[in-house]
Amino acid sequence: MKINIAVKCMLAVLMMFAARAGVAGTLAGSAHDFSRVNGVVPAWNLDQKVCVVCHTPHNSNTSVSDAPLWNHTVTASSFQMYTSPTLQATGLSIGGNSKLCLSCHDGTVAIDSFGGTPTTTQTISSANNIGADLRNDHPIGFTYDTNLVSKNPSLRDPGTAVTIGAGTSSKVGTIASNMLFAGKMECSSCHDVHNTFTVGSNGSGMVKMAAAGSSLCVACHNK
Ligand code: HEC
Ligand code: HEC
Ligand code: HEC
Ligand code: HEC
């Protein structure tokens, strides 16, 4: 028993070093590694599983479109979408991909509410709580196509080549293939939920590109 705990501690320390060094990004050791929450093994996940909080191989929740074998309780909030006088995109409404994120990040559903067992034990920290009012967040939930680019020529064409990540974990593609979901801007247009592509010493935030020079922003905005 004692040896078991010592081995677990060593593994945790090794994982912390891997995360600090900013080497190849992985889910393990990231903010989405629910084997630990805020550095502590949660009472609801003593066997320290990682994927099950979001996915299940069987009996998944098919109520959300584009949800891959989804296992987490889905938010029932209605969302207020971004507006601005200069925005050319129209018909903003929450898409399937973003709804999955907001099923923890709008603060209404507990992190440990999964597998069809609703609980209220552990909700998200205030720093990571985006809320249901998305008027102060980058616009999501709209089609990003050549028609939008013709209305807003400072946007790059969705067929433009972009590489996400770096080194061995880089992925070559286009804005459309690497950053859009069913042709739409969603949370994962900018974020990598599995942290696969975390790059650089400042690779926090689980974004798809390095922070330096705001490469993420200028991938789509020709500014
Ligand atoms: C915090 C929630 C969360 C956790 C934890 C998580 N996933 Fe995912 N996963 C998602 C979401 C959301 C998507 C939808 C695609 C996206 O947003 O990038 C996804 C997509 C996928 C896909 C299909 C698309 C792709 O990226 O290949 C696979 C396969 C997958 N996850 C496997 C896993 C495995 C294996 C684990 C555990 C090691 C895991 N996921 C942990 C949320 C999660
Ligand atoms: C099962 C609940 C859950 C789901 C689903 C989920 N997250 Fe998270 N996410 C968390 C928690 C919990 C944290 C903060 C962990 C902490 O405070 O240590 C977090 C942290 C983050 C962070 C901050 C990362 C950092 O390094 O500080 C980002 C960005 C993020 N999530 C984006 C997303 C996106 C995008 C999606 C959907 C594709 C998503 N999350 C889906 C629970 C979730
Ligand atoms: C246009 C790109 C973009 C989109 C779209 C986007 N984010 Fe982010 N998000 C970022 C960046 C950049 C950061 C800062 C990352 C860093 O450097 O730590 C961030 C930070 C976060 C954080 C950490 C807490 C904070 O406020 O800094 C969370 C949680 C998060 N995003 C969740 C989401 C969710 C959920 C969605 C969809 C509703 C979303 N993001 C959509 C770019 C984006
Ligand atoms: C995957 C592509 C993509 C990424 C990455 C991205 N954006 Fe955007 N952004 C868009 C699109 C598309 C719009 C909608 C433009 C329109 O409809 O006129 C938009 C809208 C905006 C707007 C609102 C414009 C308005 O008229 O109200 C701002 C500001 C903005 N983005 C800044 C950023 C910043 C800063 C980043 C980096 C953190 C970023 N964007 C990353 C695609 C992207």
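This is a short tour of a predicted model, with stops at three ligands and one pair of aromatic rings.

**Stop 1: ligand 4**

Start by selecting ligand 4 and the residues around it. There are 20 residues in this shell, and the closest are S84, H138, C217, C220 and H221. If you colour the shell by class, you will find 14 nonpolar residues, 6 polar ones and no charged ones.

Now show the side chain of S84, where a polar atom lies 2.6 Å from an oxygen atom of ligand 4. Move on to T86: an N or O atom of the T86 side chain is likewise 2.6 Å from an oxygen atom of ligand 4. For Q88, switch on the backbone, because two N or O atoms within 3.5 Å count as a polar contact. A backbone N or O atom of Q88 lies 3.0 Å from an oxygen atom of ligand 4.

Which helix gives the most to the shell around ligand 4? Select residues 215–220 to see helix 5, which supplies 3 residues. Next, give domain 1 (50–137) and domain 2 (142–220) separate colours. Both of them give residues to the shell, so ligand 4 lies between the two domains. Before leaving, try a surface view of the protein: ligand 4 sits in the second largest pocket.

**Stop 2: ligand 1**

Keep the domain colours and select ligand 1. Of the 15 residues around ligand 1, those that come nearest are C51, C54, H55, S188 and H194. The shell is made up of 10 nonpolar and 5 polar residues, with no charged residue.

Three side chains are worth showing here. An N or O atom in the side chain of H55 is 2.7 Å from a nitrogen atom of ligand 1. In N97, a polar side-chain atom lies 2.7 Å from an oxygen atom of the ligand. S188 also has a polar side-chain atom 2.7 Å from an oxygen atom of ligand 1.

Where does ligand 1 lie with respect to domain 1 and domain 2? Both domains give residues to its shell, so ligand 1 lies between them.

**Stop 3: ligand 3**

Select ligand 3 next. It is surrounded by 14 residues, and the closest are H105, H138, C187, C190 and H191. Colouring by class gives 7 nonpolar residues, 6 polar residues and 1 charged residue. Zoom in on H191, where a side-chain N or O atom is 2.8 Å from a nitrogen atom of ligand 3. Your domain colours are useful again: domain 1 and domain 2 each provide at least three residues of this shell.

**Stop 4: an aromatic pair**

Finally, leave the ligands and look for the 1 aromatic pair in the structure. Select W44 and F114: their ring centres are 6.2 Å apart and their planes are at 65 degrees, so the pair is edge-to-face. W44 is in the loop between helix 1 (2–21) and helix 2 (96–105), while F114 is in the loop between helix 2 and strand 1 (142–143), so the pair ties together parts that are 70 residues apart in sequence.

Methods:
Residues are numbered from 1 along each chain as its sequence is written. Chains are lettered from A and ligands numbered from 1 in the order in which they are written. This is a predicted model: local features need pLDDT of at least 70, side-chain atom pairs count only at pLDDT 80 or more; totals for chains, interfaces and linings use all residues. Side-chain values use heavy atoms; hydrogens and water are left out. A residue is near a molecule or strand if one of its heavy atoms lies within 4 Å of it. A polar contact is a pair of N or O atoms within 3.5 Å; within protein, one must be able to donate a hydrogen and the other to accept it, and residues adjacent in sequence count only if both atoms are side-chain atoms. On a 1 Å grid over the protein atoms alone, a cavity is a set of points where a 1.4 Å probe fits but cannot get out, and a pocket is an open set with protein on both sides within 12 Å along at least five of seven lines; lining residues have an atom within 4 Å of a point. A molecule sits in a cavity or pocket if more than half of its atoms lie within 2 Å of its grid points. Helices (H or I, at least four residues) and strands (E, at least two) are DSSP runs, numbered from the N terminus. Ala, Val, Leu, Ile, Met, Phe, Trp, Tyr, Cys and Pro count as nonpolar, Asp, Glu, Lys and Arg as charged, and the others, Gly among them, as polar. Domain bounds come from an automatic or database domain assignment. Rings of Phe, Tyr and Trp (its six-membered ring) pair if their centres lie within 6.5 Å; planes under 30 degrees apart count as stacked, over 60 as edge-to-face and the rest as tilted.
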